[in-house]
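Q: Please take a close look at a single pocket in this model. Explain each term as it comes up, and then set the pocket beside the other places where something is enclosed.

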Amino acid sequence: MIVGIDLGTTHSLVGRYGESGPELFRNALGEYLTPSVVSVGDDEQIIVGQAARDRLISHPALSVASFKRWMGASREVRLGTRSFRPEELSALVLRSLIADAEAALGEKVQEAVISVPAYFSDTQRKATRAAGELAGIRVERLINEPTAAALAYGLQERSDHSRVLVFDLGGGTFDVSILELFDGVIEVHASAGDNYLGGEDFLDLLQAACLAEHKLDAKSLAPQELGVLRRRLEAVKRELSQQGEVEFTCQLGEQTIAWKIDQDRFLQMADPLMQRMRAPLERAMRDAKLQPAQLDEIVLVGGASRMPLVSRLIARMFGKLPLRHVNPDQAIGLGACVAAGMKRRDAKLEEIVLTDVCPYTLGVEVGHRDAQGHVQSGLFSPLIQRNSVVPISREGTYGPMHERQATLMLNVYQGESPLVAHNIKLGQLEIPLNPTRPIGENQVSVRFTYDINGVLQVEATALSSEARYELVLEQNPGALSEAEIRARLAALSGLKIHPREKQENLALLARAERMYEEHLDARPLLQQWIMQFRQSLESQDERMIGEHRHNFVRAMDELEEQL
Ligand code: AMP
């Protein structure tokens, strides 16, 4: 079975293409959205999802969120006694999603289509594939998130030729794509974005303003207190999408803080972020050579696109209001399911050909000999231009700079600067030359092939000998090697994962412990409830546990309402 997965910064979704179209699966708690949060619990058990998100507050040192931001970076985070790479944390989220899919389907899931931001680099895409391998599935393909969004909106079914801008503001990433739709074909014409801009930055703004107003410093707060504040401000941010003014009070240690914020003030604070959002929008339009009036539709995706300031910015820039028939939190997940259906060659989708673009310019380092005969090295010679439709193959010819040069070092880069020093080095290939031949006969033909999965293949042929050399870009900084993946897979298989059937109980305890952290007044009561529920769990009497759980949920709902 093949599933579609949206592996998001704040939450993830899984589903499949069923009889009547894309359908999402619910997790063990009955929700479609699984928070992309991992926590290490008692007995070193791994906890994923809502319980882990509650534990960000009650057990901050044992819990981690937003790790999608570090995909492709060689960074580790320590949780208890063990360190985790971002690929491993993502793999734990994937495993949890797959368990939910398998529970819903009653069969094994072997393959998945996973969505990634259009702006993800090769290294980040490789890290996502590695996460899939670590989760024990074959990543059949990676699909760009905006392309998935278009599939979810059914835009491929339009009969007329149209141009669509997909505006995706998620928790941690911002993506803009311009799609062209014609004759059942979707073509991504341009993509731009910011890997470090999302809903969380707006939350950071609220946090900074609130702390400043109360003359508090984030560093002087305990991690628990900061967690409580952020959770409350997250609710404030969401309410601001519904109403003009929001008031709240929050208990920070001994101190009670009260704060009021209105839409105008929020808009003012957010102005620098709005300016940052403009840049990728303008760049994508420029790359696609489009004027605002030529856009037929604008589609909003990602939870943070619910903020009224987003529609405002769009109306100002493009003179029209965006479309929103699909839940912006689910659009990418549903689109990944459609893509999974395409993989299964579902007849209804056979018409569609997906074409994506290469997000960066790819090329090689060259030197230049000036009029005085001096060689200037470190110049970037592009072979595949940014935003070329993929798959794409381009060839160029390069030669030695000096007579009797024995080898040609082909340095492969990605980036937009004319100087390689400002671009990212992807790898190198050493090509032996024949030093007895003159420069003109020692040329090397270089072919770059960039495929739909963002994999770059470099082939070089020395024209003097016809010898062929190929480069496999596995030494990317931050990417795990095959051997490392195998080692990490073995280590992960030793981890104890919290059993799925006990997740409801766990989530309930995590929620109660989170509330215990947040509400000093309610502590004695909550402590008593937690102890009683733990005792009931120890009894292993499923009927009694079920009844107790039911009452506990009701009591906590009432308490939370009161507070
Ligand atoms: P995603 O990556 O799509 O899960 O994005 C989640 C982001 O959307 C988080 O930063 C949320 O704070 C934000 N978000 C969700 N709902 C709303 C809302 N109603 N108003 C403002 N932001 C929201």
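A: Residues fall into three classes: Ala, Val, Leu, Ile, Met, Phe, Trp, Tyr, Cys and Pro are nonpolar, Asp, Glu, Lys and Arg are charged, and the others, Gly among them, are polar. The model is predicted, so local features need pLDDT of at least 70 and side-chain atom pairs pLDDT 80 or more, while totals for chains, interfaces and linings use all residues. Numbering starts from 1 along each chain as its sequence is written, and side-chain values use heavy atoms, without hydrogens or water.

The part chosen is the second largest pocket, with a volume of about 580 Å³. (On a 1 Å grid over the protein atoms alone, a pocket is an open set of points with protein on both sides within 12 Å along at least five of seven lines; in a cavity a 1.4 Å probe fits but cannot get out; lining residues have an atom within 4 Å of a point.) This pocket is lined by 21 residues, and those closest to its centre are His-498, Leu-506, Leu-509, Arg-534 and Leu-537. By class, the lining comprises eight charged, seven nonpolar and six polar residues. Helices H12 (503-518), H13 (523-539) and H14 (542-562) each give two or more residues to this lining; a helix here is a DSSP run of H or I with at least four residues. H12 makes the largest contribution, five residues. Domain 1 (2-197 + 272-357) and domain 4 (492-563) both supply lining residues, so the pocket lies between them.

Now the closed spaces. Four cavities of 30 Å³ or more are found in the structure. The largest cavity holds about 80 Å³. Its lining has 13 residues, with Leu-7, Gly-8, Lys-68, Met-71 and Ser-90 closest to the centre. Seven of the lining residues are polar, five nonpolar and one charged.

The ligand has its own surroundings: 15 residues (each with a heavy atom within 4 Å), of which Thr-10, His-11, Glu-234, Lys-237 and Ser-241 are the closest. In this shell, eight residues are polar, five charged and two nonpolar. Domain 1 and domain 2 (199-271) each provide at least three shell residues. Helices H5 (199-213) and H6 (223-240) each supply at least two, and H6 has the largest share, three. Among individual distances to ligand oxygen atoms, a polar side-chain atom of His-11 is 3.0 Å away, a backbone N or O atom of Gly-303 is 3.2 Å away, and a backbone N or O atom of Ala-304 is 2.9 Å away.

Definitions and conventions. Polar contact = N/O pair within 3.5 Å; in protein donor to acceptor, adjacent residues only side chain to side chain. Domains from an automatic or database assignment. Points joined across faces, edges and corners; volume = space filled by probe spheres on them.
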